[in-house]
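Trainee: Please take me through one part of this model in detail. I would like the aromatic contacts, and then the packing around them.

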Amino acid sequence: MKKFATSPFFTPIIFPLTWLVWVSFLFVMCANNLPYLLEEHGILEKTTNFAYIPLLLAYVFFAKFFLTGSRDKKIDFVLFVLLGIAAFLRELGIQHWLASKDSTAFKSRFFLNPENPLSEKIVAGLILLTLLIVIVYLAIKYSKHLVVSFFKLNPTTWSIATLCTVGIVGKFVDRFPSNYKKSTGMSLPENIDVALEILEETSETFLPIIAAFILLQYWLIQKNRQN
């Protein structure tokens, strides 16, 4: 099983299949009331929140492994933890907590709206700037390595590629209804719109789970090399 889990094809095969099974199960079980799945604090929202537990536990479990390594490894681990916590807080609704007079922060309209307090704009701006710096730093540092190692069938790289693909697909599905309406002037049929929203919500559920597995997979590979 350990050998299978450290294969470059494990994550690209197992997680999409699991996602498909989960979505199919939801459609079958709630076929007569699909909007029920999307209720605030409903099944999908709670499931996604609970999905971050494996990631947070992985941070705790693997902290000693990463923090006893090189300086670069320590810095990278702290940055990955920061990104994971930021994603978790977003799922919990931090974008709403920071906006007392608006629906959500972290959007251009929030910063352009003169009715929103300057203090809230500064806090939201600092958070966005920090996350942008972290993402750009990691992208510059690892982009070349990820491209090269992808073609060398590096298991962790393929897992990261799967994580990014799921995130991109989820974002595309999320934006598709509004983009469709802008381009055609018509809204999607309600059943299709609900189905796409379920696909997008479930994709978010798998992001922290895949991220937790990436840490586990990397740890297993390093342990195998040491033995």
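Mentor: Phe9 counts as partly exposed, at 40% relative accessibility. Bear in mind that this is a predicted model. Phe9 pairs with Trp158. The geometry is edge-to-face, with 5.3 Å centre to centre and 80° between the planes. Phe9 lies in the loop between helix 1 (2–5) and helix 2 (10–29), and Trp158 lies in helix 8 (residues 155–184), so the pair ties together parts that are 149 residues apart in sequence.

Now take the other ring of that pair. Trp158 has a relative accessible area of 17%; because the cut-off for buried is under 20%, Trp158 is buried. Trp158 also pairs with Phe150. Here the rings are stacked, 4.7 Å centre to centre and 5° between the planes. Phe150 is partly exposed, at 29% relative accessibility. The structure holds 18 aromatic pairs, including these two.

Trp158 is also part of a helix contact. On the helix 2 side are Thr11, Pro12 and Trp19. They meet Trp158, Ser159, Thr162, Val166 and Val169 in helix 8. By class, this contact has 5 nonpolar and 3 polar residues, with no charged ones. The two helices pack at an angle of about 35°. Their axes are 9 Å apart.

Next, a cluster of rings. Ring pairs link Tyr59, Phe65, Phe66, Phe77 and Tyr218. Phe65 has a further partner, Lys73. The charged end of Lys73 sits over the Phe65 ring, 4.9 Å from its centre.

Some names from that cluster return in the largest nonpolar core. That core has 14 residues. Those with the most contacts inside it are Leu55, Ala58, Tyr59, Phe62, Phe66, Phe77 and Leu215. Helix 3 (43–67), helix 4 (71–92) and helix 9 (190–226) each supply at least two residues of this core. Helix 3 gives the largest share, 8 residues.

Look at Leu215 there. Leaving aside neighbours within four places in sequence, Leu215 is in contact with Leu55, Ala58, Tyr59, Phe62 and Phe66. A second, separate core has 10 residues. Among them are Phe10, Val23, Val166 and Ile210. Val166 brings us back to the helix contact, where it is one of the helix 8 residues.

Definitions and conventions
Residues are numbered from 1 along each chain as its sequence is written. This is a predicted model: local features need pLDDT of at least 70, side-chain atom pairs count only at pLDDT 80 or more; totals for chains, interfaces and linings use all residues. Side-chain values use heavy atoms; hydrogens and water are left out. Rings of Phe, Tyr and Trp (its six-membered ring) pair if their centres lie within 6.5 Å; planes under 30 degrees apart count as stacked, over 60 as edge-to-face and the rest as tilted. Helices (H or I, at least four residues) and strands (E, at least two) are DSSP runs, numbered from the N terminus. Buried means under 20% relative accessible area, exposed over 50%, partly exposed in between (1.4 Å probe, protein chains only). A charge sits over a ring if NZ of Lys or CZ of Arg is within 6 Å of the ring centre and within 35 degrees of the ring normal. A nonpolar core is a set of buried Ala, Val, Leu, Ile, Met, Phe, Trp, Tyr and Cys residues joined through side-chain atoms within 4.5 Å. Contact means heavy atoms within 4.5 Å. Axes are lines fitted to C-alpha atoms, for helices over the stretch in contact, and angles run from 0 to 180 degrees between N-to-C directions. Ala, Val, Leu, Ile, Met, Phe, Trp, Tyr, Cys and Pro count as nonpolar, Asp, Glu, Lys and Arg as charged, and the others, Gly among them, as polar.
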